[in-house]
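User: I would like to go through the labels used for this model and the grounds for each.

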Amino acid sequence: MITLYQILFLFILTYCYKVNVYPFLYKNKFCFLYCLRHIKTNLVFYIAFATRSGNLDRHEEMEELAAKFLGVESAMAFGMGFATNSMNIPALTGKGCLILSDELNHASLVLGARLSGSTIRVFKHNNMQSLEKMLRDAIVHGQPRTHRPWKKILILVEGIYSMEGSIVRLPEVIALKKRYRAYLYLDEAHSIGALGPGGRGVVDYFGLDPRDVDVMMGTFTKSFGAAGGYIGGRRELTEYLRSHSHSAVYAASMSPPVVEQIIASMKCIMGEDGTTLGRDRVQQLAENTLYFRRRLTEMGFIIYGNNDSPVVPMMLYMPAKIGAFGREMLKRNIGVVVVGFPATPIIESRARFCISAAHTKDMLDTVTVPPSLYNDTISMCFLYQQTASLSFLSKLP
Ligand SMILES: Cc1ncc(COP(=O)(O)O)c(C=O)c1O
């Protein structure tokens with residue numbers, strides 16, 4: 001028997017617009033109806049540890065589905081994406097281990113690394129020379145003072161960086177980790193369900209083997225429109241984490257409607273719902289991303305990141321423009337995240353657009369209005385004029 005609370009909860013999950021919900025769930029009737037049909041318990045929350053009575057059949061089914069989706073031996077889920085990083089990294093590394101972390105990694109990765117007690121070294125964002133130098137130094141010099149070899153070297157990277165829109169240079173990272181026998185931890189919070197022909201993330205995007213990534217991490221908060229996070233990899237890894245990770249041993253397991261939501265959206269992306277809705281939405285997201293990025297560039301705005309990244313940071317530079325831009329967008333009914341110091345360097349304030357498959361061309365065109373509109377209201381002309389005035393340079397002999 002489904003309760004009114006569950007129906008309300010599912011409605012909010014599926015019908016309320018969230019920033020970051022790249023291909024799915026926004027107004028996705030299939031997911032809403034699937035959840036209603038399959039929900040097997042009348043509970044909204046299930047307050048029990050996963051290791052005790054908290055693991056229901058549907059939790060196991062979800063984890064098996066996630067493993068199949070990721071192309072790995074085994075996967076396990078956690079109630080919170082942030083805690084997936086911050087509580088599992090300390091279970092994997094500790095004293096005598098070295099963590100090499102990208103300078104723009106998310107706070108949850110940074111916290112996890114700090115809590116682990118490992119030595120942390122930070123390499124320049126997506127810079128393979130910087131990473132290789134640190135790996136080489138680590139192998140040559142070993143631990144400080146004793147010069148003993150590091151017990152373990154773990155590289156922490158993200159699939160898509162949420163403030164930069166850049167995609168990790170995964171083929172090169174994998175080549176380096178193999179050459180220097182390090183381990184790789186990949187956070188796919190923003191890329192899973194959003195990148196690659198099958199929506200399977202950055203590994204799919206580059207056509208790589210998921211087994212080359214030792215720890216595949218991601219969240220269900222973005223593309224799946226649910227909540228929580230997962231870790232995927234070899235069976236030994238998940239079995240070890242089930243008994244050693246604080247978020248597995250001490251945290252309550254996922255709420256049943258959220259589990260249904262994850263199963264529904266994942267089946268949808270995988271095409272296991274008997275429709276092409278999932279594939280179509282992943283394709284639509286790729287098209288929307290290219291269109292939106294091209295329009296902003298044509299208008300003369302400076303945007304960051306990879307062309308295929310649905311996270312589109314548009315540079316505002318001056319901190320004073322952050323609030324003005326946000327307010328102007330709100331007047332036009334456009335939800336946009338504006339970001340400034342300390343999340344970005346002080347002179348690199350920006351607006352971050354997160355493109356969704358649910359955006360129509362008309363919606364995208366509302367943002368890409370003639371630049372004069374921005375110039376009049378927020379004085380963004382300097383970006384436009386600068387590019388316009390420089391464009392004659394390409395015509396010079
Ligand atoms: C890269 C990255 N990892 C982890 C998280 C934490 O996920 P959650 O919001 O599901 O707790 C986020 C959140 O935005 C993120 O961007």
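User: Why is Met80 called partly exposed?

Analyst: The model is predicted, so local features need pLDDT of at least 70 and side-chain atom pairs pLDDT 80 or more, while totals for chains, interfaces and linings use all residues. Residues are numbered from 1 along each chain as its sequence is written, and side-chain values use heavy atoms, without hydrogens and water. Buried means under 20% relative accessible area, exposed over 50%, and partly exposed in between (1.4 Å probe, protein chains only). Met80 has 47%, so the label is partly exposed. Met80 sits in the loop between strand E1 (74-78) and helix H5 (81-92).

User: What makes His190 and Thr221 polar contacts of the ligand?

Analyst: A polar contact is a pair of N or O atoms within 3.5 Å. From an oxygen atom of the ligand, a polar side-chain atom of His190 lies 2.9 Å away and one of Thr221 2.3 Å away. Both pairs therefore meet the cut-off. For Gly81, a polar backbone atom is 3.4 Å from a ligand oxygen atom. The ligand taken alone exposes 390 Å², of which the protein buries 83%; accessible areas come from the Shrake-Rupley method with a 1.4 Å probe.

User: Which residues surround the ligand, and how are they classed?

Analyst: The surrounding residues include Phe82, Asn85, His106, Glu158, Asp187 and Lys222; the criterion is a heavy atom within 4 Å. By class the shell has 2 nonpolar, 7 polar and 3 charged residues. Asp, Glu, Lys and Arg count as charged, and Gly is among the polar ones. H5 gives the most to this shell, with 3 residues.

Definitions and conventions. Helix = DSSP H or I, 4+ residues; strand = E, 2+ residues; numbered from the N terminus. Polar contact = N/O pair within 3.5 Å; in protein donor to acceptor, adjacent residues only side chain to side chain.
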